Amino acid sequence: MAPRKLLIDCDPGHDDILAILNCLAHPEAFEVLGYTTVCGNQLVELVTRNLCGVLTYLGVPGAVAQGYDAPMVLPPDPQPEAHGVTGLDGPSLPEPTVHPLQVHALDFLRDTLLAHDRVTVVALAPLTNLAMLLKTYPAVKDHIDCITLMGGSRGGGNILPRAEFNLYADPHAAKVVFESGVPIVMSDIEICQACATPHTWIDSLRGQGRVQDLAHDILQFFSLWGRRHGQNTSPIFDLVPVMHMLHPELFETAPVRVQIETEGRLTRGMTIVDSVDDPQTANVTLLKSCRDPAAYNRFLAENLALLNRRLFPEA
Ligand code: BDR
Ligand code: CA
């Protein structure tokens, strides 16, 4: 079977990079057509630089197009507490030799989609780029197989008590995307927590290879935060949509209707998730539960080892 074509919209971001490493481990499953970046965890110039630094470390080429430097309506709200002042504190990355294209993400997404059919958009960040794309060039919808996104929650929150960061950061964009009619697969906070990765496993990555060393230094940033808060595991949020594409059998799904709160003073970006009697009325496929979190984390280990063997066979 031909590999699934992907466009990855991201704000790297520790977990964004883990998602990308897992995609790159499987060229038989995925063809990455390109990456677009957006203001989210940190300002867009920083997250673009982080991505280029990681691709340089790996020695992997990639088409990177920088996108919007602010949400559609609200001001940027970077999260140094969650991802550090660079947006990817922890690993030492080389001076990038991969450079962003001289084209805005909006144009890159439009041109790439129109040149291909059945592209999966992997959305790991606030949805500004994608909302602007769908609003400005609705014809691209026919070229999108689905948007598989990390965002939202069934009741919990990580930036507000009831809101998840990606949708909180640009709720107006989220509303556009969720109302666009494009099929959406949603990995929310609850499913990410169900697949959380043990800190002791993160510790054990060190010394296993160049890819595992990078993953270790990235994930250590999460695990130190988690340990400070008394946790033994940390969710690697953005990894979940990628693991779902690789191993759909791990997940139970449900059709649901999701609406976005854009105005709420205490609930900005909250997702209101309703079960539906008639699947035709659903706008989202929700990853409801993980059947085997231990297998999920085993696959993660295998993917990093696989990528290391592919990229650094001599080491
Ligand atoms: C999401 O917000 C960002 O901090 C992460 O990269 C992830 O995309 C988790 O809420
Ligand atoms: Ca992200």
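Tutor: Helices (H or I, at least four residues) and strands (E, at least two) are DSSP runs, numbered from the N terminus. With that rule in hand, Gly151 can be placed in the loop between strand S5 (144-150) and helix H6 (165-169). The model is predicted, so local features need pLDDT of at least 70 and side-chain atom pairs count only at pLDDT 80 or more, while totals for chains, interfaces and linings use all residues. Residues are numbered from 1 along each chain as its sequence is written, chains are lettered from A and ligands numbered from 1 in the order in which they are written, and side-chain values use heavy atoms, with hydrogens and water left out.

Student: Is Gly151 buried or exposed, and with which residues is Gly151 in contact?

Tutor: Buried means under 20% relative accessible area, exposed over 50%, and partly exposed in between (1.4 Å probe, protein chains only); Gly151, at a relative accessible area of 0%, is therefore classed as buried. Contact means heavy atoms within 4.5 Å, and Gly151, leaving aside its neighbours within four places in sequence, is in contact with Glu164, Leu167, Met186, Ser187 and Asp188. The C-alpha atoms of Gly151 and Phe165 are separated by 7.3 Å, although the two residues are 14 residues apart along the chain.

Student: Where are Asn297 and His199, and how should I read their burial?

Tutor: Asn297 belongs to helix H12 (residues 293-311) and has a relative accessible area of 10%, so Asn297 counts as buried. Apart from neighbours within four places in sequence, Asn297 is in contact with Cys195, Ala196, Thr197 and Pro198. His199 is in helix H9 (residues 199-204), and because its relative accessible area is 2%, His199 is buried too. With neighbours within four places in sequence again set aside, the contacts of His199 are Ser223, Gly226, Arg227, Gln231, Asn232, Thr233 and Ser234.

Student: How many residues of H11 are buried?

Tutor: Eight of the eight residues of H11 are buried, so H11 is largely enclosed by the rest of the structure. The buried residues of H11 are Leu239, Val240, Pro241, Val242, Met243, His244, Met245 and Leu246.

Student: Which residues are the protein donors of the calcium ion (ligand 2)?

Tutor: Donors are N, O and S atoms within 2.8 Å of the metal (3.2 Å for Na, K and Ca), and water is not among the atoms, so sites may look incomplete. For the calcium ion (ligand 2), the protein donors lie 2.3 to 2.6 Å from it and are Asp11 (OD), Asp16 (OD), Asp16 (OD), Leu124 (O) and Asp238 (OD), with the donor residues spaced in sequence as D-x4-D-x107-L-x113-D. The pair of Asp16, in helix H1 (residues 14-24), and Asp238, in the loop between strand S8 (233-234) and helix H11 (239-246), links distant parts of the chain, 222 residues apart. Both Asp16 and Asp238 are buried.

Student: What lines the largest pocket, and what lines the largest cavity?

Tutor: On a 1 Å grid over the protein atoms alone, a cavity is a set of points where a 1.4 Å probe fits but cannot get out, and a pocket is an open set with protein on both sides within 12 Å along at least five of seven lines; lining residues have an atom within 4 Å of a point. The largest pocket has a volume (space filled by probe spheres set on grid points joined across faces, edges and corners) of about 610 Å³. Its lining comprises 28 residues, of which Ala82, His83, Asn158, Trp225 and Phe237 lie nearest the centre. H10 gives the most to that lining, with four residues. The largest cavity holds about 50 Å³ of space, and its lining is formed by Cys39, Gly40, Pro71, Pro75, Pro76, Asp77, Phe165, Ala169 and Arg268.

Student: How many residues line the second largest pocket, and which element gives the largest share?

Tutor: The second largest pocket holds about 190 Å³ of space and is lined by 15 residues, of which Leu24, Val32, Tyr35, Val60 and Pro61 lie nearest its centre. H1, strand S2 (30-37) and H12 are the elements that give two or more residues to this lining, and S2 supplies the largest share, five residues.
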